[in-house]
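Got your viewer open? Load the model, give it a slow spin, and follow the stops below.

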Amino acid sequence: MSSFLGTYYADLHVHIGRTNAGNPVKISGSRNLTFGNIAKEAEERKGISLIGIIDCHSPGVQRDIDDYLQAGEMKELQEGGIAYGGTTILLGCELEIREPGMGPAHLLVFYPSLEQMKSFTKWLDKHMKNVHLSSQRVYVPARELQKEVYDRGGMVIPAHIFTPHRSIYGSCAPRMAEVLDLERVSAVELGLSADSEMAGLLSELDPYPILTNSDAHSLGKIGREYNELRMARPNYCEFQKALGMKEGRRIAANYGLNPRLGKYHRTFCGGCSYIIDEAEAAVERCPYCGSAKLVRGVQDRIRSIADRSTPIVPAHRPPYHYQVPLEFIPGLGPAKFEALLRAFGTEMNILHRVSEQELAGVVGGDLAGSIAAARDGRLALTSGGGGTYGKVDTAKGFDE
């Protein structure tokens, strides 16, 4: 059954900043982050075959999609999704839930067709203050929302599950079962500051496929985290089979930032702006200034709610590869980046298929070595925290 399957790269969490008419959707998103520009960036520069645009519930975005379909620039697939060249767009939305006595959490919802998404928008409009904007709160119980989504033929994926702001484990509850119907969860998304080994400290997550996505708020951030899928074609039905590991389809690999590069990896002190990166950091007060104004980091949060002392990674879970995005690599400026794209087509080619020797022919041996080290997770890093990304530390050279 698997002889005809191919390899496809997928980033399933990309925001829309504005509609083509200039109306805001994700307030913090770039103005040029439109439905059409995302499709073009994914297909032509990134080399990503399956892109999840998660603000497709917005009526203004739906009008843009209709325009592309009517103009023949895009085509709706019978198997689910919108085709643009070799890339398929999955229609999704990000919703905020808030149960009584708990903090907020974000969920991703996907539907196969534009008609189903439009119907869901009509339902959302009755339970939401502004259906035109991204990531808005839905004023219904979380389990009722889940039932509504699955009854309509969609799927639910909890978003960036460990981040300290608006996530199931980071700000809502120590156990997903306290908030959600575990039977109506199709996968979970890790977020930039965690990896599958860290998730392995929570037994509750063992049954679920893990996704790594960019949560991009600008075109350049698309593909900073992504997944390698084994499927027959890029579309909704094949993606659903990959999550269920059916007929040979599967998530073959997760590619994500080393958690140390994530913005919320370690606890951050709001008093002295220090990132507390000691192995066994106290997380009640800052050890440097004594302040209690701490933003608890993902690693420290997971330790506090873990039901295992050592991680167990289930056999069905794919390998997690630490991937330093090209934009993080010191010395790789816009001019050299464009030279690489001219020579090799897409970022996925540069990251996965082009040899170090071929890279060196375009940008020189030192930069080619850094890109190769990034591929292998050998770049030395300093930790991020408190909303600031970690950095590649060139002074430390390469990790072996």
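## Stop one: helix H2

This is a predicted model. Start by selecting H2: its 13 residues should span 18 Å at 1.5 Å a residue, and its end C-alpha atoms are indeed 18 Å apart, which agrees.

Now colour the buried residues of H2, which are Pro59, Gly60, Val61, Gln62, Asp64, Ile65 and Tyr68. What do the buried residues of H2 pack against? Show helix H1 (35-46), strand E4 (82-84), E5 and H3, and you have the partners. Before leaving, click on Gly72: just after H2, this glycine takes a positive phi of about 80 degrees.

## Stop two: helix H3

Next, select residues 114-125, which make up helix H3. H3 has twelve residues and reaches 16 Å from its first C-alpha to its last, close to the 16 Å expected at 1.5 Å a residue.

Which residues of H3 are buried? Highlight Leu114, Met117, Phe120, Thr121, Trp123 and Leu124. As you look at them, keep one rule of thumb in mind: an α-helix has 3.6 residues a turn, so residues three or four places apart point the same way.

To see what the buried residues of H3 pack against, show helix H2 (59-71) and helix H4 (142-151). Then add the strands on the list: E3 (75-76), E5 (87-98) and E6 (104-111). You met the H2 contact from the other side at the previous stop, where H3 was among the partners of H2.

## Stop three: two loop residues

Follow the chain into the loop between H3 and H4 and pick out Ser135. Its phi is near 60 degrees, a positive value in a residue other than glycine. Is Ser135 buried or exposed? At 9% relative accessibility, Ser135 counts as buried.

For another case, jump to Met245, in the loop between helix H7 (236-243) and strand E11 (250-256). Met245 has a phi near 50 degrees, again a positive value in a residue other than glycine. This one counts as partly exposed, at 46% relative accessibility.

## Stop four: aromatic rings

Time for some side chains. How many aromatic pairs does the structure hold? There are seven. Select Phe162 and Tyr169 and show their rings: the centres are 5.4 Å apart and the planes sit at 25 degrees, so this pair is stacked. Phe162 is buried, with a relative accessible area of 1%, and Tyr169 is buried too, at 0%.

Now swap to Tyr320 and Tyr322. Here the ring centres are 5.8 Å apart and the planes are at 70 degrees, so the pair is edge-to-face. Tyr320 counts as buried at 15% relative accessibility, while Tyr322 is partly exposed at 30%.

One more selection before moving on: Tyr9, Tyr226 and Tyr255, which form one aromatic cluster.

## Stop five: cysteines

Looking for disulfides? A search of the whole structure finds zero. Try Cys93: it is in no disulfide, and the nearest cysteine sulfur, that of Cys56, is 8.4 Å away. Cys93 counts as buried, at 0% relative accessibility.

Then select Cys237. Why is there no bond from its sulfur to the closest cysteine sulfur, in Cys56? The two are 17 Å apart, too far for a bond. Cys237 is partly exposed, with a relative accessible area of 35%.

## Last stop: zoom out

Clear your selections and show the whole protein as a cartoon. You are looking at twelve helices and 17 strands. The radius of gyration is 21 Å, close to the 21 Å that the globule rule gives for 400 residues, so the protein is as compact as a globular protein of that length. Turn the C-alpha trace around: along its principal axes it spans about 55 × 55 × 45 Å.

Try colouring by burial, and 58% of the 400 residues count as buried. With the surface switched on, the protein exposes about 15,900 Å², and carbon and sulfur atoms supply 48% of that.

Finally, think about which parts of the chain touch. Among contacts with a separation of 6 or more, 68% are between residues 24 or more positions apart.

Conventions:
Residues are numbered from 1 along each chain as its sequence is written. Side-chain values use heavy atoms; hydrogens and water are left out. Rings of Phe, Tyr and Trp (its six-membered ring) pair if their centres lie within 6.5 Å; planes under 30 degrees apart count as stacked, over 60 as edge-to-face and the rest as tilted. Buried means under 20% relative accessible area, exposed over 50%, partly exposed in between (1.4 Å probe, protein chains only). Helices (H or I, at least four residues) and strands (E, at least two) are DSSP runs, numbered from the N terminus. The expected span of a helix is 1.5 Å times one less than its number of residues. Contact means heavy atoms within 4.5 Å. The radius of gyration is taken over C-alpha atoms; the globule rule is 2.2 Å times the number of residues to the power 0.38. Accessible areas come from the Shrake-Rupley method with a 1.4 Å probe; for residues, only the protein chains shown count as cover. A disulfide is a pair of cysteine sulfur atoms within 2.5 Å.
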